[in-house]
Each structure stands twice: as C-alpha cells, then as structure tokens.
Amino acid sequence: MALIELRDVAKTYPPRRRGGDPVLAVDGVTLDVNEGEILGVVGYSGAGKSTLARLINALEPVTRGTVTVAGQELTRLSEGELQKVRRGIGMIFQQFNLFHSRTVWGNIAYPLKVAGVPTSQHQARISELLHFVGLADKAHNYPEQLSGGQKQRVGIARALAASPKILLADEATSALDPETTQDVVDLLRRVNRELGVTIVVITHEMEVVKNLAHRVVVMENGTVVESGSTFDVFAEPGHQVTRRFVRTVVDDVPSESVVAELRRRHPGRLVTVAFREGSVSQAEVFGELISRGVGFQLVYGGIEEVQGRTFGNLTIELTGDRVDEALRALSERVAVREVI
Amino acid sequence: MDRVIELGPQFLEATIETIVLVAVGVTVGGLLGLIVGTGLYVTRKGGLLSNGVVNLLLNIVVNVFRPIPFILLAVGLQPFVRQVFGVGIGNVAAAVVIVFAAAFGIARIVEQNLVSVPPGVLEAARAMGASRTRVIFTVLLPEAFGPLILGYTFAFVAIVDMTAIVGTIGAGGLGNLALQYGYRQFNPWVTWSAILIVIVIVQLGQFAGNAGARKVLRR
Ligand SMILES: Nc1ncnc2c1ncn2[C@@H]1O[C@H](COP(=O)(O)OP(=O)(O)O)[C@@H](O)[C@H]1O
Ligand SMILES: [Mg+2]
C-alpha cells in the first residue's frame with residue numbers, strides 16, 4: 001500500500017462572488033505516493049496543485065473521493081485526529097511563512113511544542129536540525145535578517161522538526177534565484193536520502209523536477225493529464241501541456257519557426273529520431289543509414305541526462321535514393337518522426 | 001497663577017482621577033476590544049473560525065455603537081448604567097461608558113491590525129497540527145503584536161480625550177477641573193495648567209507606545 005493514496009479526489013470551492021459558479025479546483029484525481037519517493041507535481045498556475053497539497057494534509061476537506069495517509073482515511077477522522085496526522089506531514093511554502101515574531105530557534109521550536117515534545121528535548125533536536133540545514137550560527141536571528149535561501153532552510157528545518165514521514169513542498173523554490181534554488185534542491189534530496197522522508201514537490205519549474213523528482217504527475221484544470229517516471233516524462237512527453245513544460249528545460253525538438261528556418265537551409269528529408277539510453281544506440285541508427293548509402297547530416301538536437309540516464313532527439317537531414325527504405329527499417333527499431 | 005497653587009490638592013486629585021480613568025479604559029476596554037476585534041477577524045469568510053452569523057452580528061453591534069459621538073453615548077447610556085451599576089453619574093459611571101466606547105473603537109483597530117498578518121503564516125501553523133484556537137493565541141496575536149501596540153497607543157489618546165468629556169456626567173478628572181475652576185471662573189491659568197498636565201500624560205503614553213512598538217518590531 002502506498003504512503004499517500006488519492007482516489008477520485010475532487011475539491012469544489014464555493015463561488016467567489018454571489019451567483020458565480022463554484023470553482024472546481026481538483027477534479028477526480030487518483031494517484032499514489034510511495035514511501036521514500038520524491039513525487040513532482042507540475043502544472044500552470046491555477047491547475048489545482050496547492051489545493052491538492054491542502055487535501056493531503058487535510059487543511060481542506062475533500063468534496064468527493066478519499067485521501068489515505070499511512071493507512072488512515074482522512075475523511076473518517078475527527079479534527080483532533082487530523083491534527084495528529086498533520087504533525088506527521090511537514091510543509092514548506094513559496095513565501096516561507098516563517099513566524100516573524102520568533103527567532104529561527106523559536107520557529108523550529110513551535111512544531112515541537114505543538115507535537116508535545118518535552119522542552120528538555122528541544123535543545124538537542126533544534127541544534128541537530130540547524131546543523132542539518134547549515135544554519136547553526138543563525139539560531140538567534142530573526143527571519144528578516146536572513147536571505148531567501150536561508151529563510152527556506154529555516155522553513156525546512158521547521159517542517160522537519162517533529163520528524164514527519166512526509167514533506168509537502170509547495171513552490172518552495174519559486175521565490176529563489178537559480179543558484180539558491182539548486183542549494184535548496186540539494187538539501188531536499190538529502191532530506192529524502194538521509195532522513196527517508198517522502199517528498200511531494202509542487203512546482204512549475206521543470207529544472208527542479210528534473211533534478212529532484214523520481215516520478216512526475218502533470219496537472220491541468222484540476223486533473224492529472226500525465227504521469228510517469230521523470231525519465232519517461234522528459235524523454236517522451238505525451239500530453240501537450242507536458243511537452244510545453246519539458247521544452248522549458250529540454251529544447252531538442254525544433255519548434256515551428258526553427259523548422260521553417262531549417263527547411264530553408266536543408267532541402268533534403270528532415271526526420272527527428274528519439275534516442276533513449278538502454279534502447280537503440282546512435283551507432284546502430286547511423287549504421288542503417290550508411291549501409292544503404294543514405295547521406296545524413298545532423299541539423300538540430302541535443303542529448304539530456306535525467307536521473308542518470310540519457311535521452312535525446314536528433315533531427316537529421318537525409319539525402320539519397322534509398323531514404324524511404326532506410327526510414328522503414330529505422331521505424332521498426334526507434335521512434336522516427338518526419339519533420340513537416 | 002496664585003489660584004493654581006491654591007488648587008494644588010484639586011489638581012493632584014484630578015490628575016489621579018484622569019490617570020485611573022484612562023488606565024481602566026485602556027486595560028478593560030482594550031481587553032474587550034481585543035476580544036471583539038479578534039472575533040470580527042476570525043469569523044470572517046475563510047477565517048480560522050469562519051462563521052457568517054456571528055460575524056454579521058458583531059459587525060452590526062460595532063457599526064451601531066462606534067459612530068455615536070462620545071458625549072451622546074455618555075448621556076445616552078446613563079439609564080442603563082444606573083440599572084446595572086446603581087449609579088448613573090460620577091467616576092464609576094464615567095469608567096463604564098469609557099470602557100464601552102473604547103471597546104468598540106479598539107475592536108476595529110484590532111481587526112485591521114490582524115488583517116496585516118499574512119494568511120500563509122496561519123496556514124503554516126495549522127499544517128503543523130496546531131488547533132485553530134492555538135493558532136489564534138500563539139501565532140495570530142503575537143505576529144500582530146507590533147502594530148497592535150501602535151493601535152492601542154492611538155486608542156490611548158482617544159481615551160484621554162474621553163476622560164475630559166465625562167465631567168458632563170459628574171465625573172472628576174482634569175477636564176472637569178479645567179471647566180469648573182478655569183473656564184467658569186474666568187481663570188485661564190487654571191485651564192492651561194490642566195491642559196499642560198493632559199499634554200504631559202499624552203506625550204508619556206505616546207512615547208511608551210512608540211518605544212514598545214519599536215522594540216517589538218525591531219526597528
Ligand atoms: N480558498 C479558495 N476559494 C476559492 N477558490 C480557490 C481557493 N483556493 C484556490 N481556489 C481556486 O482553485 C483553483 C486551483 O487553485 P490552486 O490549487 O491554488 O492552483 P495552483 O496551486 O496549481 O496554482 C484556482 O482556480 C483558484 O482560483
Ligand atoms: Mg499554488
């Protein structure tokens with residue numbers, strides 16, 4: 001059984017204005033988050049990602065369907081029992097949401113107090129967390145004295161204080177610059193590997209997904225439009241929304257305007273061949289072409305690495321008499337798409 | 001000028017009366033205002049204890065009583081004060097109407113200050129498993145503490161103003177002294193001495209409030 005199970009979950013918010021339509025924020029989502037994994041949830045603004053997170057820790061009740069966390073179905077629980085469940089689910093935010101009336105220390109102590117951890121144990125736990133996130137010297141600073149990256153580290157330390165099994169990261173890097181984002185991504189990976197925390201990473205930044213997530217679900221209009229391993233989703237995005245997201249970091253398939261430009265310069269047949277590590281090698285593909293005397297030239301493409309495996313798309317101009325025959329032979333072994 | 005020295009004991013008594021009335025207004029009225037103001041905020045739509053009916057009732061009560069000019073409230077409440085507290089005039093009655101008026105004024109100030117707390121911070125605390133009431137007392141109010149001090153300082157000045165008016169319903173204090181021995185006996189020395197003491201009280205309160213807020217807001 002998965003650590004988090006969503007079954008046909010829907011969430012409708014009441015209309016914003018009197019007489020308006022209710023807002024269907026999440027619309028029939030079924031998904032599992034397995035223990036120990038990092039799941040990326042991707043989608044544009046308004047897709048329902050934050051709502052999904054708030055259903056997992058029951059900050060909002062579902063309108064339909066069931067959410068099960070560690071075997072407990074949340075709809076059956078009282079508010080008091082839900083509070084206990086929430087203590088086992090950490091959450092970090094885009095705007096950090098630190099308590100400005102408390103020091104870094106006070107921020108991290110808060111969830112310990114809520115969880116009823118005896119004060120005598122706070123000292124050890126808080127310094128352990130501060131060392132883990134690399135802020136041991138900032139314990140007595142106030143949030144406004146920290147940089148964005150440091151604030152998010154405090155957010156992470158605070159979220160981990162009560163030793164949750166799950167961490168929800170809602171756009172946790174979206175307010176950070178690329179370098180700081182990478183630091184936070186590295187920290188989250190350590191949270192997953194060293195502490196065994198299952199992480200749900202909500203983001204619209206594909207770079208973050210690419211570097212962090214084991215698996216991805218893509219959301220649009222409250223539904224999951226695509227899901228799969230991060231490698232598969234990046235190597236072969238199926239849905240149009242996914243393709244747009246993937247293209248923000250992997251730009252190996254020529255866009256329409258690029259195609260027009262390529263056409264102008266390359267009169268031969270243009271095809272795009274998708275390569276994936278563990279499948280047909282480039283040598284084999286080019287061998288097929290050479291053996292038939294087909295001339296070829298690489299005109300566009302790239303090779304990417306995701307989760308330690310490579311994939312790529314190469315656009316090739318083919319010339320010669322036996323192009324058709326070569327393409328037929330290739331299509332049986334790799335994904336070949338004619339560029340039109 | 002000689003008259004001012006002659007009235008020394010009266011000045012002392014009036015000053016103490018004013019300070020006591022202000023203190024009662026700020027503390028008791030302030031506490032009631034804090035409760036009503038927090039109620040107004042948390043019962044809003046999407047609030048921690050969202051409740052449309054309670055919110056509507058609180059709003060109606062506050063909107064009815066708050067705009068009434070204080071002098072009219074003071075005389076208007078007299079029958080009720082007499083019913084409940086036995087006397088309709090004097091310092092006790094004055095304290096009751098000051099508390100009443102201060103509570104509604106402060107309620108709105110508190111509500112406005114609480115709005116300035118980012119909702120995400122409250123959500124973070126809830127996500128940690130804190131109960132709604134716990135979030136109110138350990139996050140909402142502490143996070144708004146700095147602005148609240150400034151709001152109360154503002155209210156303090158308004159309450160000093162009220163204490164000068166309650167002479168009308170037979171209360172003592174510097175306002176009454178200025179009217180009785182200064183204005184009516186054509187002695188501006190007395191009037192201005194009373195005014196001077198009021199200025200000092202206001203300045204001290206303002207200074208303490210600003211210093212407190214600066215300390216809490218760390219700037
Ligand atoms: N509290 C709320 N009340 C009404 N509508 C909401 C509320 N929260 C979110 N929504 C609406 O639900 C939809 C999904 O929002 P959200 O889950 O925040 O999306 P995302 O995080 O993917 O940007 C949006 O149309 C948003 O306007
Ligand atoms: Mg969101």
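What follows is a chat about a predicted model, covering the contact between its chains, a ligand site and salt bridges.

Trainee: How many residues of chain A are in contact with chain B, and what is the area buried between them?

Mentor: In this predicted model, 25 residues of chain A are in contact with 19 residues of chain B, and the area buried between the two chains is about 1,900 Å², with carbon and sulfur atoms giving 49% of that area.

Trainee: Which three residues supply 25% of the area that chain A buries against chain B?

Mentor: Those are A:Leu59, A:Phe99 and A:Tyr110, which supply more of the area that chain A buries against chain B than any other three residues.

Trainee: And how many salt bridges are there between chain A and chain B?

Mentor: The count is three salt bridges between chain A and chain B, and in one pairing across the two chains the side chains of A:Glu144 and B:Arg218 meet at 3.0 Å, N to O. Such pairing is possible because side chains of opposite charge can pair when their charged atoms come close.

Trainee: What about residue pairs in polar contact between chain A and chain B, how many are there?

Mentor: There are nine residue pairs in polar contact between chain A and chain B, counting those with both residues at pLDDT 80 or more. On the side of chain A that touches chain B, the elements that give two or more residues are α2 (79-87), β6 (89-93) and α3 (104-114) of chain A, and the residues of that side divide into 11 nonpolar, five polar and nine charged.

Trainee: Changing topic, which residues are around ligand 1?

Mentor: The residues around ligand 1 include A:Tyr13, A:Arg16, A:Val23 and A:Tyr44, along with the run from A:Ser45 through A:Gly46, A:Ala47, A:Gly48, A:Lys49 and A:Ser50 to A:Thr51.

Trainee: Where do oxygen atoms of ligand 1 lie relative to A:Gly46, A:Gly48 and A:Lys49?

Mentor: For A:Gly46, a backbone N or O atom lies 2.6 Å from an oxygen atom of ligand 1, and for A:Gly48 a backbone N or O atom lies 3.0 Å from an oxygen atom of the ligand. With A:Lys49 it is the side chain that takes part, with an N or O atom 2.8 Å from an oxygen atom of ligand 1. The protein covers 69% of the 560 Å² of accessible area that ligand 1 has on its own.

Trainee: How many helices and strands are in chain B?

Mentor: Chain B has 11 helices and zero strands, and its C-alpha trace spans about 70 × 45 × 25 Å along its principal axes.

Trainee: Back to salt bridges, how many over all chains?

Mentor: The count comes to 29 over all chains, and in chain A the side chains of A:Glu37 and A:Arg215 meet in a salt bridge at 2.9 Å, N to O. That pair links distant parts of the chain, 178 residues apart, with A:Glu37 in the loop between β2 (23-33) and β3 (38-43) and A:Arg215 in strand β9 (residues 215-220).

Key:
Residues numbered from 1 in each chain as written. Chains lettered and ligands numbered in written order. Heavy atoms only, no water. Contact = heavy atoms within 4.5 Å. Buried area = accessible area lost by both parts, 1.4 Å probe. Salt bridge = Lys/Arg side-chain N within 4 Å of Asp/Glu carboxyl O. Polar contact = N/O pair within 3.5 Å; in protein donor to acceptor, adjacent residues only side chain to side chain. Helix = DSSP H or I, 4+ residues; strand = E, 2+ residues; numbered from the N terminus. Nonpolar A, V, L, I, M, F, W, Y, C, P; charged D, E, K, R; others polar. Near = heavy atom within 4 Å. Areas by Shrake-Rupley, 256 points an atom, 1.4 Å probe, with all protein chains shown as cover.
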